[in-house]
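Me: I'd like a close look at the charged side chains in this one, please. Take me through how they pair up and where they sit.

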Amino acid sequence: MRSPVDREYPVPLYWQVAEAIKRQIADGVLRPGDKLPTEKWLTETYNVSRVTARKAVQTLISNGTLERVRGESPTIAYPHMSRQTNHLSGLSEDLKKMGYVPGALILLCMRETATPYVAAKLDIKLDAPVFRLRRLRTADNMPLAIHDCWYPLEYCSDFLTETYHADSVYELLEENGFGLVRATQTVSAKNATHKEAELLGIQDGSALLHVERVSYTATNIAMEFSDMLYNPVRYDLHMELNR
């Protein structure tokens, strides 16, 4: 059986090192969230130069196998999540179906007046009262997304308050007779600000998946406007198109 790194094999050494690390992940020797062994360990274990070891690590970061958090050693990335866009559902519901434990850290929970942009999205009057909920969404305690959402207080003032603590807004809306049945959304890209990068544990300026969605009830009430930012290394949107 060939050793993990074979200098006579017609494949670059850095690529062989990267593949050897991937095999350790596949075999469960290295698990999601584990820190990668030191550069010194890599050079000694695979008998390669520091330059080769660094290139192998960078290759794995680029393809999403490893994640680098500022000031720390690279870690083994958690599995990539893919969400179907032809079905309206909440993130908590989707994560549970994929076998993850959903979580949320409330960043902002307050009543405010609608800005022109929010008012247009929710089809309400400018400065109408809205409830704003901004959360850092997690999967198995790992940062995944930042959700900033607005709801018209005309319909939800009794159950969406500053003491909000429910796991799923979708379920709460449904329980109160405002189940969401359809939505329109746009998908774009943006670069992370310093604060967004800090929350998601990524580098400043990293690319983010930007999703804006307006969700409606069966009676055509625009009940939720969501401005969502996802780390595309961990998450993507999957859609099926037919002709």
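Reply: A salt bridge here means a side-chain nitrogen of Lys or Arg within 4 Å of a carboxyl oxygen of Asp or Glu. With that in hand, start with a group: Glu112, Arg132, Arg134 and Asp148 are linked in a network of such bridges. Keep in mind that this is a predicted model, where local features need pLDDT of at least 70 and side-chain atom pairs need 80 or more, while totals for chains, interfaces and linings use all residues. Residues are numbered from 1 along each chain as its sequence is written, and side-chain values use heavy atoms, leaving out hydrogens and water.

Let's step back for a moment. The structure holds twelve salt bridges, spread over a chain with eight helices and ten strands (DSSP runs numbered from the N terminus: H or I of at least four residues for helices, E of at least two for strands). The C-alpha atoms fill a box of roughly 70 × 40 × 30 Å along the principal axes. Of the chain's 243 residues, 42% count as buried, that is, under 20% relative accessible area with a 1.4 Å probe and protein chains only; over 50% is exposed, and partly exposed is in between.

Now for some pairs. Arginine 50 and glutamate 39 bring their side chains together in a salt bridge, 2.7 Å from N to O. This pair links distant parts of the chain: arginine 50 belongs to helix 3 (residues 50-62) and glutamate 39 to helix 2 (residues 39-46), with the two positions eleven residues apart. Arginine 50 has a relative accessible area of 43%, so this residue is partly exposed. Glutamate 39 also lands in the partly exposed class, because its relative accessibility is 24%.

Next, look at helix 8 (residues 194-200), which holds both lysine 195 and glutamate 198. These two are three residues apart, about one turn of the helix, and their side chains form a salt bridge at 3.7 Å, N to O. Lysine 195 is partly exposed at 48%, and glutamate 198 is partly exposed at 45%.

Glutamate 196 belongs to another pair: its side chain meets that of lysine 190 in a salt bridge of 2.9 Å, N to O. Here the two partners get different labels, because lysine 190, at 26%, is partly exposed, whereas glutamate 196, at 10%, is buried. For a neutral residue to set beside lysine 190, try alanine 189, found in strand 7 (residues 180-191). Alanine 189 counts as exposed because its relative accessible area is 65%. The C-alpha atoms of alanine 189 and leucine 229 are separated by 9.0 Å, though the two residues sit 40 apart along the chain.

So what about a charged residue without a partner? Side chains of opposite charge can pair when their charged atoms come close. Now go to strand 9 (residues 222-230), where you'll find glutamate 224. Glutamate 224 is buried and yet has no salt bridge. The nearest side chain of opposite charge belongs to arginine 213, 5.4 Å away. (Lys and Arg count as positive, Asp and Glu as negative; His and the chain ends are not counted.)
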